[in-house]
Amino acid sequence: MRAILSWLRELTPLPVEPGDRQAAAELASELDSLGLVVERVEQVGQGLDQVVLARVLEISPISGADRIRRVVVDRGGGESVEVVCGAWNFEEGDVVPLAPVGAELPGGFKIGRRTMRGQVSDGMLCSARELALSDDHAGILVLARPAGELPPGVELGRSLAEHLGIGRDVVFDLDVEPNRPDCLSMLGVARDLAARYGLPLFPPEPRLEESEPSSAELASVEIEAPELCSRFIARVLTGARPVASPPLLQRRLHLAGMRPINLLVDASNYVMLELGQPNHPYDLDRLGGRGLRLRAAHAGESLVTLDGETRILGTREPRRRDESSSREAVICNLNDLPVGIAGVMGGHSSEIGEATTAVLLEVAHFDQVAVGRTARRLGLRTEASVRFERGVDPAGLGRAAARFCELVVSGAEAAGVAPPKVARGIAEAAAASFEPTRFRVRPARVNALLGTSLSGAEMASLLSPVGFEVRPGGAQESLEVVVPSFRPDVTGEVDIAEEVARTFGYRKIVPTERRSPAVGALDEVQLLRRRIRRVLAGVGAHEAWTNSIVSEQEQLLSGIGADLVRLANPMVGDESVMRAGLLPGLLKALRYNSGHRNGAVRLFEIGEVFALSSAADGRARPDERQRIAVLLARRGDGAEEAVRVWQVLADSLGLARVRLVQPGFEQGAFEPAGIPGGLEPSLAGLHPARAAWLVADKTPAGPEESDRREVPAIGSLGEIDPELLEAFGLAARRIGWIELDLERLAAAPRRPELAEPVSRFPSSDIDLAFSVSDEVPAARVEETVALAAGELCESVRLFDVYRGEGLEEGQRSLAFRLRLVAFDRTLTDEEVAAVRRRCIESVEEALPAKLRA
């Protein structure tokens, strides 16, 4: 909403002059405190008083130039000025705006003497856009084209600001919240400012000279769908002419962001901006049956709107219980042919044209929800639809219609043409009468909400200036409040509390401390999520967000075996289920990045997955779990890198012993089941020979399998199957994958948070490289080495994986570094050698492995 200072000052005498920047800034601050956030303050009209009227005396070519011409103009007082101009839309004798040397145009552009093609230019002839009068930049602004003598009111040398009756102004670009529909009008903004400054408000009071016959005799209006329209009125003007609007009216429309067209259309837009009531003028002679009918649109009927587009109407939104909100309101002539989309846009067939003489003005109160949904479905959000969607004044229809008539009559008189005749009264159809909202307000409750100590009388003095009627209530210490018709957003006591806070001033309300010393805190799972995010960001992964509503085909393609939760009414046919895994979404994210030459990325996501599970009564109900997924797609990433990233994460979280268990090996060590609906961590979509479950033992692992308890998997890791990558349009390469169940991860055992003793004696490192089958997990080798090393082993770390020359097919080399240390002595070479022999023998006996030379 663009609020214009000069317009506001017509409605209330604000103590702000257009040229006073400091006062304008203070007014913007007051608007902010009223809840009307000022996004920008724009000073306009600067320099128009330095631009003068000049008459073109001579136009001649410039040697060697085919796009510019020499123009001699008379700027008054017998003084002629030569300028160079590239526009071709004016002739000798035309009156045009001249910016002389030294003038400063809107936007800060200063005019200086210039030489072009050897011709000196002592000024510039201006277009409407250069003067910030409109967006027209097709040529020079021609102010008059007299055949001989200058017409009355045109004086050469006179400033353009004085000629047009305009000067400097200020435009406040307001961000009006949905709960303030009244402030989508100049009158609404002025009302709030008048109340804040304690000034009188002067709303427009139209005065008309009416004639016979009456509007009801010349035209008629009908309502067939009362659920879509509560009141429908019309006024008729005869003898109208679509002349140009007065300069002031055009100027204000331009500053408000609208394009002036002609007097009849401009007056309609002016009323909407001033009073907040959309309206629409029709050419009465082009209306079949000379009247209008409001009905619900028929399925499939079409209408060509004012923008020249064909709109298909009558499409009902599914799943709408409220009949009124699922139907589209259309305005028809009395032959039942559509001529407008109610509350959105008029039709092309009955628009105002050059031949229009009889005008029927339509003003109505349409259903808010129906207009909003129609505008969204058609993709046709207009100034009118925004106001209807938020709510207009049901009691202001007559005043808006009268104001339109007043503007048209005065505009015709200003243009020097015969004013139209205004038919007496209105033609009206009413489906329901307006009853103002009333309710009781407890000042004590308002004070409790705001932290104030205002009396009922003080609240009444704050509410009355903004239109509320307040009187003592029946109960003790209460007020009865009658809500004005232009505030449909106020429905209860809490809304009145907000109004009191606004009008009293948020700045005056002293903040109070919390009564309870207790403050909110993150729970353990929330803290865990934050820590995981920090750790994964530390290993170079970017957090991704993918859709929860996904394609069933992509979920099945990834091998996800959960019972999918299906949507009853999906908005998109291809996205009909809730995701049961994060792999498809992150693969699509990788595909998008690869398509933008950024395929070497690491991504992670923390989100919910869903599946159906059977309840005790046998009925399937949706279940959800939180998952953490990491996709590693940098060069060199793969299963080994997934293990390294997992180890970093496990160490950061302080997890106790965690094992990797490959399928077909160590069966019975854990049970991969237990989550309802198939949301158990899975190896689906991973390479069958390069994937493993992650199992956190509840007791330390011993040398025998019986020493371990059976525990569920907390997640899985490995490499993504190349066939799955190709199915998602990605080149086959080694991409690592980690997926964890957040609830199980939170419940996994942690290391004791106790300081561990540090030996003061030096440690010894041993490097051992074993040739092992691809089927043997590296974690099993590491575990065997650690057990064999015994109490002298401080750490075991896998530092290299090699495949290639010197190794048989299906074999790989795993290199481990052991760190040995004692707390009471320095280890001898013999002790270190004994540990080395023990480790080698244990690995070669327990596993199909050999020490590499």
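This briefing covers one sheet and how its strands pair. The model is predicted. The sheet is open and has five strands, in the order S5-S4-S3-S6-S11. The pairing is antiparallel. As background, strands of a sheet pair through backbone hydrogen bonds, either parallel or antiparallel.

**Edges and twist**

- Strand S5 (80-85) and strand S11 (123-125) stand at the edges of the sheet.
- Each of these edge strands has a single partner strand, so one side of each is left without a neighbour in the sheet.
- On average, neighbouring strands of this sheet are turned by 45 degrees against each other, direction ignored.

**S3 and S4: a hairpin**

- Strand S3 spans residues 52-62, and strand S4 spans residues 65-74.
- S3 and S4 pair in the antiparallel sense over seven bridges.
- Two residues lie between S3 and S4 in this hairpin.
- Gly 64 sits in the turn and has a positive phi of about 80 degrees.
- Ile 62 stands opposite Ala 65 in S4.

**S3 and S6**

- S3 also pairs with strand S6 (residues 95-100), in the antiparallel sense.
- Four bridges join S3 and S6.
- Val 52 has Leu 98 in S6 as its bridge partner.

**S6 and S11**

- S6 pairs with S11 over three bridges, again in the antiparallel sense.
- Ala 99 stands opposite Met 124 in S11.

**Reading the faces**

- In a regular strand, the side chains alternate between the two faces of the sheet.

Methods:
Residues are numbered from 1 along each chain as its sequence is written. This is a predicted model: local features need pLDDT of at least 70, side-chain atom pairs count only at pLDDT 80 or more; totals for chains, interfaces and linings use all residues. Side-chain values use heavy atoms; hydrogens and water are left out. Two strands pair if DSSP finds at least two bridges between them. Axes are lines fitted to C-alpha atoms, for helices over the stretch in contact, and angles run from 0 to 180 degrees between N-to-C directions.
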